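Welcome, and thanks for taking a look at this one with us. Here is a short briefing to read alongside the structure at your own pace.

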Amino acid sequence: MTVSSDSPLKIMIAIPSLGAGGAERVVSTLANHWAAPGRSVCIATFEAPSVTPFYALSAGVRVAPL
C-alpha cells in the first residue's frame with residue numbers, strides 16, 4: 001500500500017469495548033500515539049454511546065459506538 005504525502009493518514013481500530021483491560025489499554029495508547037502528529041484516528045466499539053472509555057484518549061481520537 002502506498003500512501004501519498006499530500007493525503008492525511010486515516011486510522012480506524014475496531015474493538016468490542018474500551019473498558020479496563022489489556023487490549024483496551026494497548027488500543028488507547030496506540031490511538032493517542034498515532035493522533036499526536038495530527039492523524040485522523042477513530043476507535044469503533046460495540047458499546048452504548050453513553051459508555052465512557054476507561055483509559056484517557058486525546059482530543060484527536062474519535063470514538064464511534066456502532
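A good place to start is Ala44, which stands opposite Ala64 in β3. On the other pairing, Ala14 stands opposite Ala44 in β2. Please keep in mind that this is a predicted model. The chain holds one helix and three strands, and along the sequence they follow the pattern β-α-β-β.

**The sheet and its helix**

- The three strands form an open sheet in the order β1-β2-β3, with parallel pairing.
- At the edges are β1 and β3 (61-65), each of which pairs on one side only.
- Direction ignored, neighbouring strands of this sheet are turned by 20 degrees against each other on average.
- The helix α1 packs on the sheet and touches β1, β2 and β3. Its direction makes about 160 degrees with that of β2.
- Five bridges join β1 to β2, and these two strands run parallel.
- Five bridges also join β2 to β3, again with the strands running parallel.
- β2 is largely enclosed by the rest of the structure, because five of its six residues are buried.

**Following β1**

- Which side chains of β1 point to one face and are buried? They are Ile11 and Ile13, while Lys10, Met12 and Ala14 point to the other face and are not buried.
- This fits a general pattern: in a regular strand the side chains alternate between the two faces of the sheet.
- Ile11 has Val41 as its bridge partner in β2.
- Leaving aside neighbours within four places in sequence, Ile11 is in contact with Trp34, Arg39, Ser40, Val41 and Cys42.

**The nonpolar core**

- Ten residues make up the largest nonpolar core: Ile11, Ile13, Ile15, Leu18, Val27, Ala31, Ala35, Val41, Ile43 and Val61.
- Two or more residues of this core come from each of β1 (10-14), α1 (22-35) and β2 (40-45).
- Which element gives the most to this core? That is α1, with three residues.

**Thr45, a residue worth a click**

- Thr45 is found in strand β2.
- Is Thr45 buried or exposed? Its relative accessibility is 1%, so Thr45 counts as buried.
- Not counting residues up to four places away in sequence, Thr45 touches Ile15, Pro16, Leu18, Val63, Ala64, Pro65 and Leu66.
- Thr45 and Ala14 are 31 residues apart in sequence, yet their C-alpha atoms are 6.0 Å apart in space.

**The aromatic pair**

- A search of the whole structure finds one aromatic pair.
- Phe54 and Tyr55 form this pair, which is edge-to-face. The distance is 4.9 Å centre to centre, with 85 degrees between the planes.
- Those two values are given because a pair of aromatic rings is described by the distance of the centres and the angle of the planes.
- Phe54 is exposed, with a relative accessible area of 52%, while Tyr55 is partly exposed, with a relative accessible area of 23%.
- The labels for these two residues differ because exposed means over 50% relative accessible area, buried means under 20%, and partly exposed lies in between.

**The chain as a whole**

- Of the 66 residues of the chain, 27% count as buried.
- Among contacts with a separation of 6 or more, 52% are between residues 24 or more positions apart.
- About 4,400 Å² of the chain is exposed, and carbon and sulfur atoms supply 61% of that area.

Definitions and conventions:
Residues numbered from 1 in each chain as written. Predicted model: local features only at pLDDT ≥ 70, side-chain atom pairs only at ≥ 80, totals over all residues. Heavy atoms only, no water. Core = buried A, V, L, I, M, F, W, Y, C linked by side-chain atoms within 4.5 Å. Buried < 20%, exposed > 50% of the residue type's maximum accessible area, 1.4 Å probe, protein only. Helix = DSSP H or I, 4+ residues; strand = E, 2+ residues; numbered from the N terminus. Contact = heavy atoms within 4.5 Å. Areas by Shrake-Rupley, 256 points an atom, 1.4 Å probe, with all protein chains shown as cover. Pairing = 2+ DSSP bridges. Axes fitted to C-alpha atoms, helices over the stretch in contact; angles between N-to-C directions. Phe/Tyr/Trp six-rings, centres within 6.5 Å; stacked < 30°, edge-to-face > 60°.
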